[in-house]
Amino acid sequence: VQLQASGGGLVRPGGSLRLSCAASSERVRINNMGWHRQAPGKQRELVATISSDTGGSTNYADFVKGRFAISRGNAENTVYLQMNSLKPEDTVVYYCSAEVIYSDILSETYWGQGTLVTVSS
């Protein structure tokens, strides 16, 4: 399973971007999908996750609550991150993730290649 992330770029403070991520195969069962981010020299940190449940239960890091919104596409193998009110400190590489369920006892998390978001005037 490969994840392809896109949507990063340069935006002014206060602006918005929408990140997208799609899994290469629609024939796998994907449970949770999410977005993480990592700054140089720092550990990767959670941004937001969304489950495969009806309605999609979501979880957000405190530093993005009220500004970012995670959602899944109709195909269920895609995930989006709408980022509003962006701040310079949101300038990092964002990675999408997908938990693929192979059986009741076996799952694996896959990661996208990362997309850079730069917030600067």
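**Surface patch, nonpolar core and strand pairing**

In this predicted model, a nonpolar patch on the surface is formed by Val1, Tyr102, Ile105 and Leu106, which together present about 420 Å² of accessible area. Val1 lies in the segment before strand 1 (3–6), and this residue is classed as partly exposed because its relative accessibility is 31%, where the partly exposed class lies between 20% and 50%.

The interior is described by the largest nonpolar core, which comprises 30 residues and in which Trp35, Leu81, Met83 and Tyr94 touch the most other members. At least two residues of this core are supplied by each of strand 1, strand 3 (17–23), strand 4 (29–38), strand 5 (45–50), strand 7 (68–72), strand 8 (78–83), strand 9 (92–101) and strand 11 (115–119), with strand 9 giving the most, namely 5 residues. In soluble globular proteins, nonpolar side chains tend to be buried together.

Strand 4 also contains His36, which counts as buried because its relative accessible area, 15%, is under 20%. Apart from residues up to four places away in sequence, His36 is in contact with Arg44, Glu45, Leu46, Val47, Val93, Tyr94, Tyr95, Ser97 and Trp111.

In strand 7, Phe68, Ile70 and Arg72 make up a covered face, whereas Ala69 and Ser71 make up an uncovered one. In a regular strand the side chains alternate between the two faces of the sheet. Strand 7 runs antiparallel to strand 8 and is joined to it by 5 bridges, and Arg72 stands opposite Val79 of strand 8. The hairpin of these two strands has 5 residues between them, and within this hairpin Glu76 adopts a positive phi near 70°.

Technical notes. Residues are numbered from 1 along each chain as its sequence is written. This is a predicted model: local features need pLDDT of at least 70, side-chain atom pairs count only at pLDDT 80 or more; totals for chains, interfaces and linings use all residues. Side-chain values use heavy atoms; hydrogens and water are left out. Patches are made of residues with over 30% relative accessible area and no salt bridge: like charges are joined within 9 Å, nonpolar side chains (Val, Leu, Ile, Met, Phe, Trp, Tyr) within 5 Å. Accessible areas come from the Shrake-Rupley method with a 1.4 Å probe; for residues, only the protein chains shown count as cover. A salt bridge is a side-chain nitrogen of Lys or Arg within 4 Å of a carboxyl oxygen of Asp or Glu. Helices (H or I, at least four residues) and strands (E, at least two) are DSSP runs, numbered from the N terminus. Buried means under 20% relative accessible area, exposed over 50%, partly exposed in between (1.4 Å probe, protein chains only). A nonpolar core is a set of buried Ala, Val, Leu, Ile, Met, Phe, Trp, Tyr and Cys residues joined through side-chain atoms within 4.5 Å. Contact means heavy atoms within 4.5 Å. Two strands pair if DSSP finds at least two bridges between them.
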